[in-house]
There are 2 protein chains.
Amino acid sequence: MEFFKVVSPAEAMEAVQGFAPLPAEDAPAFEAVGRILAEDVVSPVDLPDFPRATMDGYAIRAADSFGAGESIPAYLDVVGQVPMGEAPSIRVGRGQAARMSTGGMLPEGADAVVMEEYTSRPDERTLEVRRPVSAGENVLAPGDDLRKGERILPAGSRLRSQDIGAFAGVGLTVLKVRRRPRVAILPTGDELVDPRVEPRPGQVRDINRFSLAAAVTEAGGLPATEDILPDDLPTIQARLREAVERADMVLISGGSSMGVRDHTVEAIDSLGEPGVLVHGISIKPGKPTIIGRIRRGGVDKAVVGIPGHPVSALMIFYAFVRPILRQLSGEAASFASEGGKVRARLARNLPSAPGREDLVRVTLERKDGSLIAHPLMGNSAMISTLTRADGFLTIPLEREGLPAGSEVQVTLYG
Amino acid sequence: MEFFKVVSPAEAMEAVQGFAPLPAEDAPAFEAVGRILAEDVVSPVDLPDFPRATMDGYAIRAADSFGAGESIPAYLDVVGQVPMGEAPSIRVGRGQAARMSTGGMLPEGADAVVMEEYTSRPDERTLEVRRPVSAGENVLAPGDDLRKGERILPAGSRLRSQDIGAFAGVGLTVLKVRRRPRVAILPTGDELVDPRVEPRPGQVRDINRFSLAAAVTEAGGLPATEDILPDDLPTIQARLREAVERADMVLISGGSSMGVRDHTVEAIDSLGEPGVLVHGISIKPGKPTIIGRIRRGGVDKAVVGIPGHPVSALMIFYAFVRPILRQLSGEAASFASEGGKVRARLARNLPSAPGREDLVRVTLERKDGSLIAHPLMGNSAMISTLTRADGFLTIPLEREGLPAGSEVQVTLYG
């Protein structure tokens, strides 16, 4: 078993860097979950575009509630009710109030909403207010969630449910996303048969074509599997050449027999420059991996010779092929792409009412090898607090908040 | 804001338990990545079904190499070469050897393969062996990977790339998987408009319909979104009734206005037993969540009233709706469903050659609140070592193995 020159895993990682992202294409925004943004997405409108109540209650002038309390309530005249989904025709003057629901448009003259639970109605026309509110309280001002021209997400983001929601909220129906990488999978090996065929003695059913196709699908690519190739140099060369034209990446699997391995190297090198860069990696399983690059139309296409053993094949896929797919799809590094849960330290004190479980959105920052969780404030009416978040943490029912520096578990979105 | 009776998150979790898995359906095995197995999958054949070389080298009788060493090599007669993909016609007798490639069928008479690198060929007919091999060395015996009748995966498994590979390897082309949950999404709110429409003052574009549909898709379900419902009890009742017939679960989103919330409760209760179980949860965001169950054809369908604020809507989806989807899809709890990376303690010493990175498959066990990683041995030719694994750990190039009890990071499959 002669190898070109066995390289370290770090050297092999260098050979799979620098692939250009694929061209952009249009995608319907509401079906784009999991796709990668090809450009920054900017809000075309203010969200909301009118002052909007975030609580059920009464629209008032905040100044009219100043000094109000349980023992000395303020009394206001109820001038009507704000209808949902319409610009209110009523106006709230000094000493007046209008009943309204969450999500309704603040009437002219009002600058705050007093929550229903701090009010009562001694009679039909009168409102009793038992707590002061400040100007802007329980109201989203125009652009509070997203401002016209503000970047919602940067290029390279993998789109999550909340991102789709934000696009709906600002009326974005079409997006530029990266084309999905097309991956040709060529199985080789004279001993292989299609799994639907009964093997004769000495033959085995092909595994790698199907496990690699599934792995490509899981990674967001489009696999194109081909029939089993015989161990014959001209055939391998011809099929590789076609595949390199058609696909963004080619995986040539197997060649567990000695001859095929050599033919794979020779065939890749015959396709063009720069050819085979790695032939053997000091990794187990997966030593006989081949990594090549072939320039076509100004871009490099990866051609990876995947070892024949099925375990080696998938491990090499995760280690060296998936990073190429990430580059082709233009995906920026993100916490979400790591998935699951991470431990982090809380950046600041986080108060919470006991008897209530709090789900707190956070952004994560990597610092000195560990993670810092920064709580995101903002109303739960604001979708932007989710598009900015990497994940969330939970303050349990029985806790009265968490001190800065606490170790917390963050569930990542996406 | 009057609530029925606000319950704790733990009580709300009880209300979303006990949903029966959906019926099974047939799926093509090679396209079933991400689907959930409805029954145990058993291997119909031995894999491999003949003794198979796992290394390039020479098929010999192990006894002929006993005592061989660098200074006193054993000399054997080379009687031929084993072709790939065929039963060899040659037989290996005492003192004989046949050249063969990885994946080839062991000739009759031979019981081991000596690796090429421990041999040389002083002449055409002679093999020099410089290391002894034991019987069975570098050979997979019939059924070593998977035995006929052996369970490959239990019911409830979410299928990963390696599982698809195993099905190919044993020739399984059709599987019983759970039908995907159908989730009807009904947006309500007089202030909402379709995002493709320019809102008038006081109107806002609907967010939740689209973010919830994306979240259902991400969770493996099939969303069916409906047009925005007006805040009108008979209409809500009629549309809910249709949706409960058609779908496995119904999400009725919004009703951020006071009236709709009451209508939602009344409409759910009017559909049948047991009706609304939860109306208000001590969680933030998401307090005004409604959880109902309606019995239809002997099974309970979940009807969840999702709060109108877009952040609350998604957080409640993750907390209470996704667990219902898991039950409907029959998915068993697994490490893979948690995704990402986890920390674990190594169950035993793990040797490794320096100068080589080792990727070691492990199964995980939860014990006293932490995780134990059990390394899986077995050849990288055996797909079953991947179907049994929860994930893998890496022994870096420079390390000569890891001692028992080491903290390791395990990358989860799937």
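In this predicted model, the contact between the two chains takes 76 residues from chain B and 76 residues from chain A. On the side of chain B that touches chain A, α3(B) gives the largest share, seven residues. Helix α3(B) also packs against helix α6(B) and lies across strands of chain B.

**Contact between chains A and B**

- Elements of chain B that give two or more residues to the side touching chain A are α2 (161–170), β15 (204–205), α3, β19 (283–284), α6, β23 (357–367) and α7 (384–387).
- By class, that side of chain B has 31 nonpolar, 29 polar and 16 charged residues.
- Strand pairing also runs between the chains: strand β19 (residues 283–284) of chain A pairs with β23(B) in the parallel sense, over two bridges.
- Within that pairing, I283(A) has E357(B) in β23(B) as its bridge partner.

**Helices α3(B) and α6(B)**

- Helix α3 (residues 208–218) of chain B and helix α6 (residues 310–328) of chain B have axes that come within 10 Å and cross at roughly 20°.
- Because of that angle, α3(B) is roughly parallel to α6(B).
- The crossing of α3(B) past α6(B) is right-handed.
- From α3(B), the residues in the contact are N208(B), S211(B), L212(B) and A215(B); they meet P310(B), A313(B), L314(B) and F317(B) of α6(B).
- Six of the residues in this helix contact are nonpolar and two are polar, with no charged residue.

**The six-stranded sheet of chain B**

- Six strands of chain B form an open sheet in the order β16-β13-β17-β21-β20-β18, with mixed pairing.
- At the edges are β16 (222–225) and β18 (274–279) of chain B, each of which pairs on one side only.
- Direction ignored, neighbouring strands of this sheet are turned by 20° against each other on average.
- Edge strand β18(B) pairs with strand β20 (residues 290–296) of chain B in the antiparallel sense, over five bridges.
- One bridge partner in β20(B) is G292(B), which is matched with V276(B).

**Helices across the strands**

- Helix α3(B) lies across β13 (182–188), β16, β17 (249–254) and β21 (299–306) of chain B, and runs at about 165° to β13(B).
- Helix α6(B) lies across β17, β20 and β21 of chain B, and runs at about 170° to β21(B).
- Strands β17 and β21 of chain B are thus among those that α3(B) lies across and among those that α6(B) lies across.

Methods:
Residues are numbered from 1 along each chain as its sequence is written. Chains are lettered from A and ligands numbered from 1 in the order in which they are written. This is a predicted model: local features need pLDDT of at least 70, side-chain atom pairs count only at pLDDT 80 or more; totals for chains, interfaces and linings use all residues. Axes are lines fitted to C-alpha atoms, for helices over the stretch in contact, and angles run from 0 to 180 degrees between N-to-C directions. Helices (H or I, at least four residues) and strands (E, at least two) are DSSP runs, numbered from the N terminus. Angles under 35 degrees count as roughly parallel, over 145 as roughly antiparallel, 65 to 115 as roughly perpendicular and the rest as oblique. A crossing is left-handed if the near helix is turned anticlockwise from the far one by less than a right angle, and right-handed if clockwise. Two residues are in contact if their C-beta atoms, placed from the backbone, lie within 7 Å. Ala, Val, Leu, Ile, Met, Phe, Trp, Tyr, Cys and Pro count as nonpolar, Asp, Glu, Lys and Arg as charged, and the others, Gly among them, as polar. Two strands pair if DSSP finds at least two bridges between them.
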